[in-house]
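Work through the exercises below with the model open beside you. Try each task before reading its solution.

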Amino acid sequence: MALTELTHLSITEAASGLRRKEFSPSELARACLERIESIDHKLHSFITVTADLALEQARKAEQELRGGTDKGPLHGIPIALKDLYATKGIRTTCHSAVLQDWVPDHDATTVTKLCEAGTVLLGKLGMHEFAFGGPSVDAPFPAVRNPWNMAHIPGGSSSGSGAALAAGLCLGCLGSDTGGSIRTPSSHCGVVGMKPTYGRVSRFGVVSLSWSLDHAGPMARTVEDCAILLQAIAGYDPKDPASANVPVPDLRSELKNKIKGLRVGVPRVNWFNENKGTDPETEAIFDTALKTLESLGAVVVEIDGRPFSIARKANQTILTAEAYAYHEKRFQEAPEKFGSSVRRRMLEGAFLSAADYITALRARTVLNEQIRANFSAVDIFVTPSAPRPPDAFETMDPNEQNLRPSFTNPFNLTGLPAISLPCGFTKDNLPVGLQIAASPFEESTVLRVAYAYERASEWHTRRPKL
Amino acid sequence: MVKELTLAQLRMMAERSGLKLTDEEVGKLLPGVNRSHNQILELRKLITDSIEPASAFAASRTEKK
């Protein structure tokens, strides 16, 4: 098999190939490292490549598999991490001059779990600085480019994760999501990304943006691969005060269950047309995806989008206040170390009062109730993942995002599980994502619907020309 | 809508917060800060006296289907 074919395998396919001895973990790791070497100077998806470690871990996996020790579907699989996951002995920068030389003395719980599952770490991925603001044009590392069109942004903040997957530089990633930072780059890069229920995956060792809104989660090229990664990292962690002690079901075994009769809530009215509204081409692609779900037996129900629309205001207030509180001392002592985009956005938090923050938290109570009340009439929510395709770097307007609906924010505010998967391409060949959300801890429902849609479509099989 | 903050007020608030910002930077922040304050006003319309803050999504309060 050609090297580029190896790097574009799904985790499921690679796991089968490894067990059939069609290739070894070392060959798989080398194929990824060679592809990173040959094309990532154009994409900038990696900040740090851990080639020696990857080859060492791959050799170990090879010996273990050969000796009959099989740790499961991630054994010998090359992955990469957004550069805000603490990795013991490996620089963790958050794409910022502030942490440019930080080498943690511990691993994030999720990193430990992936290591125990036998993964091979290729390196650390670029992102929006501290997971906030926009592409980091004045950070110490270059901004990540979109593999589908390098003049365009890949979406953020897990920009390197989305780009590396789409470009076939790794087989799986971890991202993080506080307002849409897994789902937006997944949408813009044509890959699959899941924000689990708040508390489902440990945040220990993940550099915080906003404690009460941060979610750690998987990104991959298929829904099944996301299920495999989530299975490995989910579960109670006493080191994370928000961790939920809720059993994790066998996510992969539930993928193939049918969706006939499932009630699909579409909160279109009072939301999709907010301010400048949703890009018409994006909405048309979304409507076609709805028809596919209907053809699989789902029943589409239009619901009121108003509480979803307002959720963004509460999400932004809480996020900005918590982010500023986390970085306050750094802003007082050395504000020049932050890039211009993240500095401007985070500093807004300095001018919110305690009463403003509490008001947003009280609104969160109301909006949680209003949004979750819909589950008496529907089983899932479905929306586009982003209101428009990825902008070009040159024409990008940082204020524009406040003038369009945020389809992702409400699911951070409510903590509900949500996924983005490819559902089409624009005339300019830019990916469009479909977002599916469900009630708390119903990741298996989200994955089941996403898997059914993916099986009925071919969008996930497309690759960017690089 | 409440009266919007002026540049001078924002500069004073920044100083009181221990922030050393240039005039240009304070100017760039002003629209975002005023937008944030208008958002708070909209959120206030949602809440009544009996509503308590949700500091985080609590798994223990989850109502399973």
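Five exercises on a predicted model follow.

**Exercise 1. Describe the side of chain B that touches chain A.**

Solution.
- Start with the secondary structure of chain B: 2 helices and 0 strands.
- Then take burial. Of the 65 residues of chain B, 18% count as buried.
- Next, count the contact. On the chain B side there are 29 residues, and they touch 39 residues of chain A.
- Assign them to elements. Two or more residues each come from α1 (7-16) and α2 (23-44) of chain B.
- The largest share, 11 residues, belongs to α2(B).
- Finish with the classes. The side of chain B that touches chain A holds 16 nonpolar, 7 polar and 6 charged residues.

**Exercise 2. Work out how helix α12 (residues 354-372) of chain A packs against α2(B).**

Solution.
- Two numbers are needed, since packed helices are described by the angle between their axes and the distance between the axes.
- Here the angle is about 45 degrees, and the axes of α12(A) and α2(B) are 9 Å apart.
- Now classify the angle. Values under 35 degrees would be roughly parallel, and 65 to 115 roughly perpendicular.
- The pair α12(A) and α2(B) is therefore oblique.
- Add the handedness: α12(A) passes α2(B) in a left-handed crossing.
- Name the residues. From α12(A) come A:D356, A:T359, A:A360 and A:A363; from α2(B) come B:I40, B:L43 and B:R44.
- By class, this contact of α12(A) with α2(B) has 4 nonpolar, 1 polar and 2 charged residues.

**Exercise 3. Decide why helix α6 (residues 159-166) of chain A can be called largely enclosed.**

Solution.
- Apply the cut-off for burial: 20 or more other C-beta atoms within 10 Å of a residue's own.
- List the residues of α6(A) that are buried: A:S159, A:G160, A:S161, A:G162, A:A163, A:A164, A:L165 and A:A166.
- That is 8 of the 8 residues of α6(A), so the helix is largely enclosed by the rest of the structure.
- Look just past the helix. A:G168 follows α6(A) and has a positive phi, near 70 degrees.

**Exercise 4. Place A:P464: is A:P464 buried, exposed or partly exposed?**

Solution.
- Locate the residue first. A:P464 sits in the segment after α14 (443-455) of chain A.
- Count neighbours. A:P464 has 18 C-beta neighbours inside 10 Å, so A:P464 counts as partly exposed.
- Set aside neighbours within four places in sequence. A:P464 is then in contact with A:P147, A:W148, A:A166 and A:A167.
- One of these, A:A166, is also among the buried residues of α6(A).
- Check a pair separated in sequence. A:P464 and A:N429 are 35 residues apart along the chain, and their C-alpha atoms are separated by 9.1 Å.

**Exercise 5. Characterise the contact between the two domains of chain A.**

Solution.
- Set the bounds: domain 1 covers 3-233 and domain 2 covers 263-461.
- Taken over C-alpha atoms, the centres of domain 1 and domain 2 of chain A are 22 Å apart.
- Count both sides. Domain 1 of chain A gives 53 residues and domain 2 of chain A gives 51 residues.
- On the domain 1 side, at least two residues each come from α7 (183-189), β5 (192-195) and α8 (223-233) of chain A.
- With 6 residues, α7(A) gives the most to this side.
- Split the domain 1 side by class: 22 nonpolar, 23 polar and 8 charged.

Notes: Residues numbered from 1 in each chain as written. Chains lettered and ligands numbered in written order. Predicted model: local features only at pLDDT ≥ 70, side-chain atom pairs only at ≥ 80, totals over all residues. Contact = placed C-beta atoms within 7 Å. Helix = DSSP H or I, 4+ residues; strand = E, 2+ residues; numbered from the N terminus. Nonpolar A, V, L, I, M, F, W, Y, C, P; charged D, E, K, R; others polar. Buried ≥ 20, exposed ≤ 12 C-beta atoms within 10 Å, placed from the backbone. Axes fitted to C-alpha atoms, helices over the stretch in contact; angles between N-to-C directions. Parallel < 35°, antiparallel > 145°, perpendicular 65-115°, else oblique. Left-handed = near helix turned anticlockwise from the far one by under 90°. Domains from an automatic or database assignment.
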